[in-house]
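Thanks for sharing this one. Here are some notes to read alongside the model, set out as numbered points.

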Amino acid sequence: MQALELFKNKIASPAKIVITTHHKPDADALGSSLGLKNYLIKKGHEVTVITPSDYPSFLHWMKGNEEVINFEDKSHQKEAIQKIEAAEIIFCLDFSCLSRLQSMQDHVKNSSAYIVNIDHHQDPKDFSQFSYWSTDAAATCELVYELIVDELGDKDLLDADIADCLYAGIMTDTGGFRHPNTTKNVHLITAELIELGADNTKISKLIYDTNSVNRLKFIGFAISRRLVINQDLRIAYFAISKKDLKKYASQTGDTEGLVNYALSIDGIKIAALFTEREDGIKISFRSVEEVAVNKFAQEHFNGGGHKNASGGKSDLTLSETTEKFEQLIKDNTNTLYNQLELIHEKN
Ligand SMILES: [Mn+2]
């Protein structure tokens, strides 16, 4: 509680604030950052959102998007560094360890600012002076809402723009209110956000139904040509090469959600997406409720995340990585599916 009081003190008077989030921000990362920014501006703070990379264009509608600085944009990097150096408070949203800032991490690490971490991932690293953290929260946007409303008592400062940002993060991190993390609390908060003016129909249209033709064709290609299904191991995965991405002129965000097609297959318990990027193989794991993929990602693929949605990296080639994955599933069937067997036996 002492930390909370100190935090309240810190933001009681106008300060220079930087808000940042993880590399390749998703709707929860950007929505929590811009939702919080728009609120803090109303409190009289000077606030800059700096993202470690670019993010999908289907998020560009959020209020404040125009002023976001992309750290990888060389023409603005100097300005970003100056903002970080001058910051009195830095908010780190939707990530639990500084390495997710990639090339930005040393600047934040070396900063003398008061660091606040708001997050819902497992195993937060100790890098902040104040941490508002819960793995029970479906989204960081849910925690930002609770911090503003329950801890700071500022519900009256929330408006339709802020509500739109926060709604977007909760909607996507619950997979459109379908994942097991879609709790009563999630519905209660989204109901409040709609009352505050969040336009839920508009937001789902903007996020889910703004595909480019290229992206749709890419998804069709991936499903027909790049999907591997192993019913015995109860896994399905995509392996997407650099060449594939180039062929379909893939933009940031185009592979988002692809992994869910693999998980949607009847009988599949673990799905994965392996994408060949400039700096190695990026991996997304998804699993059905009973199976945990975060520990698996952490132990074998230098990653982590949530129980049913995690990520990782690999420095091997694309085919070596998928071979390693299949072998690991074979070797760890007992640990991964043990609980599942018990559940099946009971039924
Ligand atoms: Mn999140």
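A word on naming before the points: helices and strands are DSSP runs, numbered from the N terminus, with at least four residues for a helix and at least two for a strand. Please also keep in mind that this is a predicted model.

1. **Helix H5 and what follows.** Helix H5 covers residues 140-151 and is mostly covered, with 10 of its 12 residues buried. The buried set runs through Thr-140, Cys-141, Glu-142, Leu-143, Val-144, Tyr-145, Glu-146, Leu-147, Ile-148 and Val-149. You may like to look just past the end of H5, where Gly-153 adopts a positive phi of about 60°.

2. **The largest nonpolar core.** Which residues have the most contacts inside the largest nonpolar core? They are Phe-7, Ile-19, Leu-36, Phe-91, Ile-118 and Leu-193, in a core of 53 residues. The element that gives the most to this core is helix H6 (residues 160-173), with eight residues. In soluble globular proteins, nonpolar side chains tend to be buried together.

3. **Leu-193 and a second core.** Leaving aside residues up to four places away in sequence, Leu-193 touches Tyr-145, Ala-163, Leu-166, Tyr-167, Ile-170 and Ala-198. There is also a second, separate core of 22 residues, and Leu-233, Ala-239, Phe-301 and Leu-336 are among its members.

4. **Strand E4.** All five residues of E4 are buried, so this strand is largely enclosed by the rest of the structure. Both of its faces are covered: Ile-89, Phe-91 and Leu-93 lie on one side, with Ile-90 and Cys-92 on the other. Strand E1 (residues 16-21) runs parallel to E4 and is joined to it by five bridges, with Ile-17 having Ile-89 as its bridge partner in E4. E4 also pairs with E5 in the parallel sense, again over five bridges; here Phe-91 stands opposite Val-116 in E5.

5. **The manganese site.** Which protein residues donate to the manganese ion? The donors are Asp-28 (OD), Asp-94 (OD), His-120 (NE2) and Asp-173 (OD), at 2.1 to 2.3 Å from the ion. Along the chain, these donors follow the spacing D-x65-D-x25-H-x52-D. Asp-94 and His-120 link distant parts of the chain, 26 residues apart: Asp-94 sits in the loop between strand E4 (89-93) and helix H4 (105-109), while His-120 sits in the loop between strand E5 (114-119) and strand E6 (130-133). Both Asp-94 and His-120 are buried.

6. **The open six-stranded sheet.** Six strands form an open sheet with mixed pairing, in the order E7-E8-E9-E10-E12-E11. Strand E7 (227-230) and strand E11 (304-305) each have a single partner strand and stand at the edges, so one side of each is left without a neighbour in the sheet. At the E11 edge, E11 pairs with strand E12 (residues 309-314) in the antiparallel sense over two bridges, and Gly-304 has Gly-311 as its bridge partner in E12.

7. **The E7-E8 hairpin.** E7 and E8 run antiparallel and are joined by four bridges, with Asn-230 standing opposite Ile-235 in E8. The two strands form a hairpin with four residues between them, and Arg-234 in the turn has a positive phi of about 60°. That value is worth a look, as Arg-234 is not a glycine.

8. **Two non-glycine residues with positive phi.** Are Arg-234 and Asn-302 buried or exposed? With a relative accessible area of 18%, Arg-234 is buried, since the cut-off for buried is under 20%. Asn-302, in the loop between H12 and E11, counts as exposed at 57% relative accessibility. Asn-302 has a positive phi of about 55° although it is not a glycine.

9. **Helices across the sheet.** Helix H12 (residues 294-301) lies across strand E10 (280-287), E11 and E12, and runs at about 10° to E12. Helix H13 (residues 318-331) lies across E7, strand E8 (235-240), strand E9 (270-277), E10 and E12, running at about 170° to E8.

10. **The annotated domain.** UniProt, in an unreviewed entry, lists residues 252-329 as "domain: DHHA1". In the model, this stretch of chain is 33% helix and 31% strand, and its end C-alpha atoms are 29 Å apart.

Technical notes. Residues are numbered from 1 along each chain as its sequence is written. This is a predicted model: local features need pLDDT of at least 70, side-chain atom pairs count only at pLDDT 80 or more; totals for chains, interfaces and linings use all residues. Side-chain values use heavy atoms; hydrogens and water are left out. A nonpolar core is a set of buried Ala, Val, Leu, Ile, Met, Phe, Trp, Tyr and Cys residues joined through side-chain atoms within 4.5 Å. Buried means under 20% relative accessible area, exposed over 50%, partly exposed in between (1.4 Å probe, protein chains only). Contact means heavy atoms within 4.5 Å. Donors are N, O and S atoms within 2.8 Å of the metal (3.2 Å for Na, K and Ca); water is not among the atoms, so sites may look incomplete. Two strands pair if DSSP finds at least two bridges between them. Axes are lines fitted to C-alpha atoms, for helices over the stretch in contact, and angles run from 0 to 180 degrees between N-to-C directions. UniProt positions are given in the numbering used here, feature names are shortened, and annotations may be inferred rather than shown by experiment.
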